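Biologist: Hi, I have a chain here that I'd like to talk through with you. Could you pull it up?

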Amino acid sequence: MSGSHASLAIAVVVLGIALGLGSYTFAYARGWAYMTNDPRACANCHVMNEQYDGWTKSSHRSVAVCNDCHVPHNLVAKYWTKGSNGFWHSYYFTTGTFPEPIRALPNSRKIAEANCRRCHEPVVEAMGTPSHSGSRDISCIRCHGSVGHLELLSTNVADSTR
């Protein structure tokens, strides 16, 4: 076997192993559930139980599911974000390297902020105050971060301006 054939064979074996492990992990973690709007999917791993429990007691439970607040609403960006978040959530959960308490990353806070403003736009505009109406200088989740989950620390409200 020539060097190029051996390299190709090694690449195919490595790719096969990666696809096999990825498929097994996806099936074991019920990854297909993350493609739905069912909030229980977000509590597939025990790490998110506190957030899920907080949501079930919150005022948003009757009007919003996880996807309404935590992913963009355009189809491509929604599934890109779900795929990316799913990969990194799986990675950190599997390796046990997730921070305690779980904290939203800057991009996640940006998405949540945009969704707050999208859903509550009529109210925000009606307020007419510089700190709310049309302002990007103030963050909804900085002051109202516990609304969706009822726990301030886990939503990282104190760090939402970073």
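Biologist: How much area does the chain expose, and what share of it do carbon and sulfur atoms supply?

Modeller: The chain exposes about 11100 Å², and 65% of that comes from carbon and sulfur atoms. Areas come from the Shrake-Rupley method with a 1.4 Å probe, and for residues only the protein chains shown count as cover. Keep in mind that this is a predicted model: local features need pLDDT of at least 70, side-chain atom pairs count only at pLDDT 80 or more, and totals for chains, interfaces and linings use all residues. Residues are numbered from 1 along each chain as its sequence is written, and side-chain values use heavy atoms, with hydrogens and water left out.

Biologist: Thanks! How many helices and strands are there?

Modeller: Seven helices and zero strands. Both are DSSP runs numbered from the N terminus, with helices (H or I) needing at least four residues and strands (E) at least two.

Biologist: And what percentage of the residues is buried?

Modeller: Of the 162 residues, 26% count as buried. Buried is under 20% relative accessible area, exposed is over 50%, and partly exposed is in between (1.4 Å probe, protein chains only).

Biologist: Which residues form the nonpolar patch on the surface?

Modeller: Phe 26, Trp 32, Met 35, Leu 75, Val 76 and Tyr 79, with about 650 Å² of accessible area together. Patch residues have over 30% relative accessible area and no salt bridge; nonpolar side chains (Val, Leu, Ile, Met, Phe, Trp, Tyr) are joined within 5 Å, like charges within 9 Å.

Biologist: Which helix gives the most to it?

Modeller: Helix H4 (residues 75–95), with three residues. Leu 75 lies in H4, and this leucine counts as exposed because its relative accessibility is 62%.

Biologist: Switching topic: how many salt bridges are there?

Modeller: The count is two, where a side-chain nitrogen of Lys or Arg must be within 4 Å of a carboxyl oxygen of Asp or Glu. One joins Arg 40 and Asp 38, at 2.8 Å from N to O. Arg 40 is exposed at 54% relative accessibility, while Asp 38 is partly exposed at 29%.

Biologist: And what about Glu 113, which residue is its partner?

Modeller: Arg 117, with the closest N and O atoms 2.8 Å apart. They are four residues apart in helix H5, so about one helical turn separates them.

Biologist: Are those two buried or exposed?

Modeller: Both Glu 113 and Arg 117 are buried. Other buried residues in H5 include Arg 109 and Ile 111.
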